[in-house]
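Dear colleague,

I am handing over the structure below, and I would be glad if you kept it open while reading the notes that follow it.

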Amino acid sequence: EPYEILQIQLNKVKEELELAKGMKGQRIVFIHGHGSGKLKNEILKLLKNYSKVEAYDASYRKFNGGATEVKIV
């Protein structure tokens, strides 16, 4: 079951990235929370397949370290 949940979450990330593709300057925040780091690592691995994105930790103040911000460049 955890694998299935992870796949659902990653499919949502892909869906959002596809919607934002070509929208230069668009920023998306993916909230993955705290835990084992599995979801964050999988999101970062997935982002390597996209050429026109920059990823970095989202505002610590806003998300307490549990989110990744992606900018379409």
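A polar contact, as the term is used here, is a pair of N or O atoms within 3.5 Å, of which, within protein, one must be able to donate a hydrogen and the other to accept it. By that criterion the side chain of His32 makes a polar contact with the side chain of Thr68, at 2.9 Å. Please bear in mind throughout that this is a predicted model.

To stay with His32 for a moment, this residue sits in the loop between β1 and α2, yet His32 is buried, because its relative accessible area is 14% and the cut-off for buried is under 20%. Not counting residues up to four places away in sequence, His32 touches Leu39, Lys40, Ile43, Gly65, Gly66, Ala67 and Thr68. Gly35 belongs to the loop between β1 and α2 as well, but Gly35 is exposed, with a relative accessible area of 69%. From Gly35 to Tyr60 the separation is 25 residues in sequence and 16 Å in space, taken from C-alpha to C-alpha.

Turning to the helices, α1 runs over residues 2–20, and at 1.5 Å a residue its 19 residues should span 27 Å, which agrees with the 27 Å between its end C-alpha atoms. Its buried residues are Leu6, Leu10, Val13, Leu17 and Ala20. Seen down the axis of α1, these buried residues fall within an arc of 80°, so they line one face of the helix. The spacing is easier to follow if one recalls that an α-helix has 3.6 residues a turn, so residues three or four places apart point the same way. Glu4, Ile8 and Leu19, on the other side of α1, are exposed. As for what the buried residues of α1 pack against, the partners are β1 (27–31), α2 (38–47) and β3 (67–72). Just after α1, Gly22 takes a positive phi of about 85°.

In α2, the buried residues are Leu39, Glu42, Ile43, Leu46 and Leu47. They cover an arc of only 140° around the axis, and are therefore on the same side of α2. These buried residues of α2 pack against α1, β1, β2 and β3. Leu46, which is found in helix α2, counts as buried at 12% relative accessibility, and, leaving aside its neighbours within four places in sequence, Leu46 is in contact with Leu10, Val13 and Lys14. Between Leu46 and Lys14 there are 8.2 Å in space, C-alpha to C-alpha, although the two are 32 residues apart in sequence.

The strands are joined through β3, with which β1 pairs in the antiparallel sense over five bridges, and with which strand β2 (residues 53–57) also pairs in the antiparallel sense over five bridges. On the β1 side, Arg27 stands opposite Lys71 in β3, while the bridge partner of Val29 in β3 is Glu69; on the β2 side, Ala55 has Val70 of β3 as its bridge partner. Five of the six residues of β3 are buried, so β3 is largely enclosed by the rest of the structure. Along β1, by contrast, the side chains alternate, in that Ile28 and Phe30 point to one face and are buried, whereas Arg27, Val29 and Ile31 point to the other and are not.

Which residues touch the most other members of the largest nonpolar core? Of the 15 residues in this core, they are Val13, Leu17, Phe30, Ile43, Leu47, Val53 and Val70. At least two residues of the core are supplied by each of α1, β1, α2 and β3, and α1 gives the most, with five residues. Val13, taken as one example, is in contact with Phe30, Ile43 and Leu46 when its neighbours within four places in sequence are left aside.

One backbone detail remains, at Asn64, which lies in the loop between α3 (60–63) and β3. The phi of Asn64 is near 55°, a positive value in a residue other than glycine, and Asn64 is partly exposed, with a relative accessible area of 44%.

With best regards

Technical notes:
Residues numbered from 1 in each chain as written. Predicted model: local features only at pLDDT ≥ 70, side-chain atom pairs only at ≥ 80, totals over all residues. Heavy atoms only, no water. Helix = DSSP H or I, 4+ residues; strand = E, 2+ residues; numbered from the N terminus. Expected span 1.5 Å × (residues − 1). Buried < 20%, exposed > 50% of the residue type's maximum accessible area, 1.4 Å probe, protein only. Arc of directions from axis to C-beta. Contact = heavy atoms within 4.5 Å. Core = buried A, V, L, I, M, F, W, Y, C linked by side-chain atoms within 4.5 Å. Pairing = 2+ DSSP bridges.
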